[in-house]
Amino acid sequence: MKKRFLAVTLVLVMLLTAFPVHAASNPTFRVETVSAEAGDTVDVYIQIENNPGIASIRLEATYDANLTLTGISYNNALGGVYQLPEFMNSPVVLNWLNFMGDTNGDMYFVKLTFQVKANAAEGTCPVAISYDPENVYNIAEQDIVFAVVNGGVKVVDCLHRNKTVVDAKASDCKLQGWDAYQVCDGCGQLFDTA
């Protein structure tokens, strides 16, 4: 009995190592998370990942009250036609259709341009998407289920955009020198010149 059990176990182990199991990656709509300072204008992309081939997408994008949607740009590589919404209020409808066939491959679906309010506090301003399963399908009108990963705009105190270089100073007998470095003009944080 022990020999039979060991033989069966050995065969199973050999089969599992000979034919590794790979989980198929799920189709996903992913909203980027980007950093910005209060008052900035930023672009947030909605990506299509593990695309099995789609001909229609209709999403609703909801965004934080500290963000003002100022622009929507669809990816021309998708082909087909898109519909710009009449109003840019949250939630905004993002609608695209390709009558000619499925669009394949991973790419961005749409770029959302936001103005961050000047008085926005530090923290994340969410940008979330949702959809009715019947509104994402391929050319054969088969619904395609996509996972959704939401993102947003992370408001930070300083992005260290502008820095002043402080030149190196050699040491001498009386004073200690230093290597060249950079100082952020916005917050004073020190950075290596590299």
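User: Which residue in β3 stands opposite Thr28?

Analyst: Happy to help; note that this model is predicted. Strand β1 covers residues 28–31 and strand β3 covers residues 41–49, and the two pair in the antiparallel sense over 4 bridges. Within β3, the residue opposite Thr28 is Glu49.

User: Which strands stand at the edges of the open sheet of 5 strands?

Analyst: The order in this sheet is β5-β8-β3-β1-β11, with mixed pairing. Two of these strands each have a single partner strand, so one side of each is left without a neighbour in the sheet. The edge strands are β5 (67–74) and β11 (147–149).

User: How many degrees are neighbouring strands of this sheet turned against each other on average?

Analyst: The sheet in question is the open one with mixed pairing. With direction ignored, the average turn between its neighbouring strands is 20°.

User: Is Phe99 buried or exposed?

Analyst: Phe99 lies in the loop between β7 (92–97) and β8 (107–116). Together with Val81 and Met100, Phe99 makes a nonpolar surface patch of about 400 Å². The relative accessible area of Phe99 is 61%, and the cut-off for this class is over 50%, so Phe99 is exposed.

User: Which residue does a cis peptide bond join to Ser90?

Analyst: The omega angle of this bond is about -5°. The partner of Ser90 is found in the loop between β6 (81–83) and β7, and that partner is Pro91.

User: What is the phi of Glu141 near?

Analyst: Glu141 sits in the loop between β10 (136–137) and β11, and is exposed, at 63% relative accessible area. Its phi is positive in a residue other than glycine, near 60°.

Methods: Residues numbered from 1 in each chain as written. Predicted model: local features only at pLDDT ≥ 70, side-chain atom pairs only at ≥ 80, totals over all residues. Heavy atoms only, no water. Patch = residues over 30% accessible without salt bridge, like charges linked within 9 Å, V, L, I, M, F, W, Y side chains within 5 Å. Areas by Shrake-Rupley, 256 points an atom, 1.4 Å probe, with all protein chains shown as cover. Salt bridge = Lys/Arg side-chain N within 4 Å of Asp/Glu carboxyl O. Buried < 20%, exposed > 50% of the residue type's maximum accessible area, 1.4 Å probe, protein only. Pairing = 2+ DSSP bridges. Axes fitted to C-alpha atoms, helices over the stretch in contact; angles between N-to-C directions.
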